[in-house]
Amino acid sequence: MQIGVVGLGRMGGNIARRLMKAGHSCVVFDGLAEPRDALAKEGATAVLSLVDMVKTLKEKPRAVWVMLPAGQITEATVKCLADLLEPDDIVIDGGNSHYKDDIRRAKTLAERRIRYVDCGTSGGVWGVERGYCMMIGGPKEAADYLDPIFSALAPGRGDIARTPGRENGDSRVERGYIHAGPSGAGHFVKMVHNGIEYGLMQAYAEGFDILRNKDSNDLPEDQRFVLNIADIAEVWRRGSVISSWLLDLGAAALATNPQLTGFSGFVQDSGEGRWAIEAAIEEAVPAEVLSSALYARFRSRQEHSFGEKMLSAMRFAFGGHIEAGGSVDTEPQHPGDTERRSTTQSTMDLPHA
């Protein structure tokens, strides 16, 4: 298929790369020349504006994947595309927009008979090789039309054992993507996913902080242990019930930097955790762990513990996030991530339609 990709940061550029590797044709645009030129050398068709992108997309209905930070830049891009596209064309928001914004945008675009798909995308800088887990909302016929795109981006079944009782279930979920429901459902599921991510990361961070401080002078001498934190992380990866990809990333960080020097302990939140708590409040659902994890990130901006450095290290490992005050010299070890920049640095030159 032919598809446009707008926003070529850490994830957008690698989404285009994975699609091209699977044989799809990508027309790409970013406000910065460097990522455009890099992808052009790898086989993409780079354009200088959204107007040029829509003109270059010859395969109809056109599909444009927007991979930009949630907020005004995504809002302006979707609005501009709405003015340029034709009935039956499809806009996909693969970033982390609020699901209520998706519902509103879908209604606005539907008035022009343009289809809007929201796609919560998980995989970080590693997705180009591992694949992306995707949670999709929007019209079923649009999601079905885009299935070759989603299938190419997804990790596939791999060597994960089939869950008993799923033999007759939707095979797409076993391959790493789901049509979760109508407009907004995809980003709603991804929002809750990110809230859970906060809780998991906080649990690891607190656990490693307890281990790290077992040699405290406040303890009786015979109760003090000097523990090898990196080795503990590694052994937990091997058959433990708390093994996970987040633990893999944390273990890798500790193996190369046991004291986590260069990580400030300042831990940012990108919004989804807050939205998940808001949804819990609206639904009167108790969410003590998720709320506590979010508040811990707020507190981290005032004073920093080893646990908060662990949180910072995990965020850097999966998403390339460098927190305020940090001075990490190395990049996440990912050969496909060539741009090494945040999408928030991208300034899209949006034409007036």
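## Strands, cores and aromatic contacts

In this predicted model, strand β4 and strand β5 (residues 90–93) pair in the parallel sense over four bridges, and within that pairing Ile90 of β5 is the bridge partner of Ala63. Between the two strands the chain passes from β4 through helix α4 (residues 72–84) to β5, a β-α-β crossover that is right-handed. Strand β4 also pairs with strand β1 (residues 2–6), again in the parallel sense, here over three bridges, and the bridge partner of Val5 in β4 is Trp65.

The side chains of β4 (residues 63–66) leave the strand in two directions, with Ala63 and Trp65 pointing one way and Val64 and Val66 the other way, and all of these residues are buried. In soluble globular proteins, nonpolar side chains tend to be buried together.

The largest nonpolar core has 32 residues, of which Trp65, Ile92, Met134 and Phe150 touch the most other members. Apart from this core lies another, of 28 residues, which includes Tyr204, Leu249, Met314 and Ala317. When residues up to four places away in sequence are not counted, Ile92 touches Ile3, Ala63, Val64, Trp65, Val66, Val117, Cys119 and Leu146.

Turning to the aromatic rings, the structure holds six aromatic pairs. One of them joins Phe150 and Tyr177, whose rings are tilted, with 6.3 Å centre to centre and 40° between the planes. Because Phe150 lies in helix α8 (residues 147–153) and Tyr177 in strand β8 (residues 177–181), this pair ties together parts that are 27 residues apart in sequence. How are Phe150 and Tyr177 placed, buried or exposed? Phe150 has a relative accessibility of 1% and therefore counts as buried, and Tyr177, at 2%, counts as buried too. Together with Trp65, Phe150 and Tyr177 form one aromatic cluster, and Trp65 is the residue that serves as bridge partner of Val5.

Two further rings have a charged side chain over them, as the table sets out.

| Charged residue | Ring | Distance from the ring centre |
|---|---|---|
| Lys214 | Phe225 | 5.1 Å |
| Arg297 | Tyr198 | 3.7 Å |

Lys214 lies over the face of Phe225, while in the other case the charged end of Arg297 sits over the ring of Tyr198.

Taken together, Trp65 links several parts of this account, since this residue is buried in β4, belongs to the aromatic cluster with Phe150 and Tyr177, and is among the residues that touch the most other members of the largest nonpolar core.

Terms used: Residues numbered from 1 in each chain as written. Predicted model: local features only at pLDDT ≥ 70, side-chain atom pairs only at ≥ 80, totals over all residues. Heavy atoms only, no water. Phe/Tyr/Trp six-rings, centres within 6.5 Å; stacked < 30°, edge-to-face > 60°. Buried < 20%, exposed > 50% of the residue type's maximum accessible area, 1.4 Å probe, protein only. Lys NZ or Arg CZ within 6 Å of the ring centre and 35° of its normal. Pairing = 2+ DSSP bridges. Right-handed = clockwise from strand over helix to strand, strands pointing away. Core = buried A, V, L, I, M, F, W, Y, C linked by side-chain atoms within 4.5 Å. Contact = heavy atoms within 4.5 Å.
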